[in-house]
Amino acid sequence: MQHLSAYEKVQLARHPQRPYFLDYVQHLCTDFTEMHGDRKFGDDPAMVGGFAYFRGSPACLIGIQKGRDTKQKLHRNFGMPKPEGYRKALRIMKAAEKFKRPILTFIDTPGAYPGIDAEERGQAEAIAFNLREMSQIRVPIIVTITGEGGSGGALAIGVGDRVNMLEYSIYSVIAPESCSAILWRDQDHAAEAAEALRLTPEDLKRFGLIDEIIPEPEGGAHNDHVGVAKHVGAVLEGQLAELRDSSPEKLIERRYDKFRAMGVFGE
């Protein structure tokens with residue numbers, strides 16, 4: 001594909017036919033068993049997680065699920081998790097840690113749900129708690145951003161030993177349209193904001209915020225679900241092999257150093 005602007009990549013990352021979390025589960029895993037509920041409030045269909053076999057070995061998979069038609073979008077809350085979703089994700093991760101299963105997370109969300117009901121149930125606390133707890137999980141964690149990586153809603157399941165992005169995915173503290181609305185009082189400057197936000201995989205890898213850019217099939221992941229799943233699976237398999245022999249203490253130490261180093265720069 002020809003060179004694309006940052007905002008064109010934003011639009012590709014949001015393409016309604018891109019594979020979502022459950023599509024990757026179908027193509028990469030066998031015997032997926034989903035877990036429900038956070039044991040505190042309820043279940044959040046926007047956050048899906050459970051256990052399966054990846055390349056013949058048991059693993060934990062967690063991801064944010066969007067919907068395709070109107071009914072599914074409403075059921076999945078447009079891929080915007082609420083506090084119970086993040087608490088469910090952490091409950092599943094703790095189970096994976098207990099049974100020594102590696103954790104694979106898949107991110108595709110415009111952000112955490114900003115509604116008043118989510119705020120009443122502690123949205124910010126749930127996200128912050130996940131950040132702290134994921135930094136101390138004693139099994140390998142590999143994060144893959146497959147579409148939109150929206151702010152804390154993505155970061156809440158994004159603390160890992162390896163962080164990957166698909167070629168036409170994005171990862172940003174704010175959506176370009178929202179940034180434009182704040183800085184210019186309208187959304188007409190979204191393309192300019194996208195360039196300034198440095199939200200593309202190439203920018204983020206150059207800044208040391210991600211580890212690997214996973215190529216997509218010609219035209220984008222929406223054109224070939226099976227093909228992009230093969231690319232993702234190959235990268236995950238290689239990274240798991242690198243991490244498999246690391247002690248829990250070494251995993252935690254390296255993860256801490258990795259995220260502490262982010263944002264450090266020299267002039």
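Which residues in α8 meet which residues in α9? A few notes on this predicted model, starting there.

1. On the α8 side you'll find P176, E177, C179, S180 and W184, and they meet A190, E192, A193, A194 and L197 in α9. Sorted by class, this contact has seven nonpolar, one polar and two charged residues.

2. As for geometry, the axes of α8 (residues 176-184) and α9 (residues 190-197) come within 8 Å and cross at roughly 105°. That falls in the 65 to 115 degree window, so α8 and α9 are roughly perpendicular to each other.

3. Now α4 (residues 83-98) and α6 (residues 123-134): their axes also come within 8 Å, with a crossing at roughly 20°. Angles under 35 degrees count as roughly parallel, so that label applies to α4 and α6. The crossing of α4 past α6 is left-handed.

4. From α4, the residues P83, Y86, R87, L90, M93 and K94 meet a set in α6 that includes Q123, I127, F129 and M134. The residues of this contact split into eight nonpolar, two polar and four charged.

5. M93 is worth a click. In the largest nonpolar core, which has 28 residues, M93 is among those touching the most other members, along with M47, I62, I103, I157 and Y171. The largest share of this core, five residues, comes from α4. Leaving out residues up to four places away in sequence, M93 touches I62, I103, M134, I137 and I157.

6. Don't stop at that core, though: another one, of 24 residues, lies apart from it, with V25, V48, I214 and L240 among its members.

Terms used. Residues are numbered from 1 along each chain as its sequence is written. This is a predicted model: local features need pLDDT of at least 70, side-chain atom pairs count only at pLDDT 80 or more; totals for chains, interfaces and linings use all residues. Side-chain values use heavy atoms; hydrogens and water are left out. Axes are lines fitted to C-alpha atoms, for helices over the stretch in contact, and angles run from 0 to 180 degrees between N-to-C directions. Helices (H or I, at least four residues) and strands (E, at least two) are DSSP runs, numbered from the N terminus. Angles under 35 degrees count as roughly parallel, over 145 as roughly antiparallel, 65 to 115 as roughly perpendicular and the rest as oblique. A crossing is left-handed if the near helix is turned anticlockwise from the far one by less than a right angle, and right-handed if clockwise. Contact means heavy atoms within 4.5 Å. Ala, Val, Leu, Ile, Met, Phe, Trp, Tyr, Cys and Pro count as nonpolar, Asp, Glu, Lys and Arg as charged, and the others, Gly among them, as polar. A nonpolar core is a set of buried Ala, Val, Leu, Ile, Met, Phe, Trp, Tyr and Cys residues joined through side-chain atoms within 4.5 Å. Buried means under 20% relative accessible area, exposed over 50%, partly exposed in between (1.4 Å probe, protein chains only).
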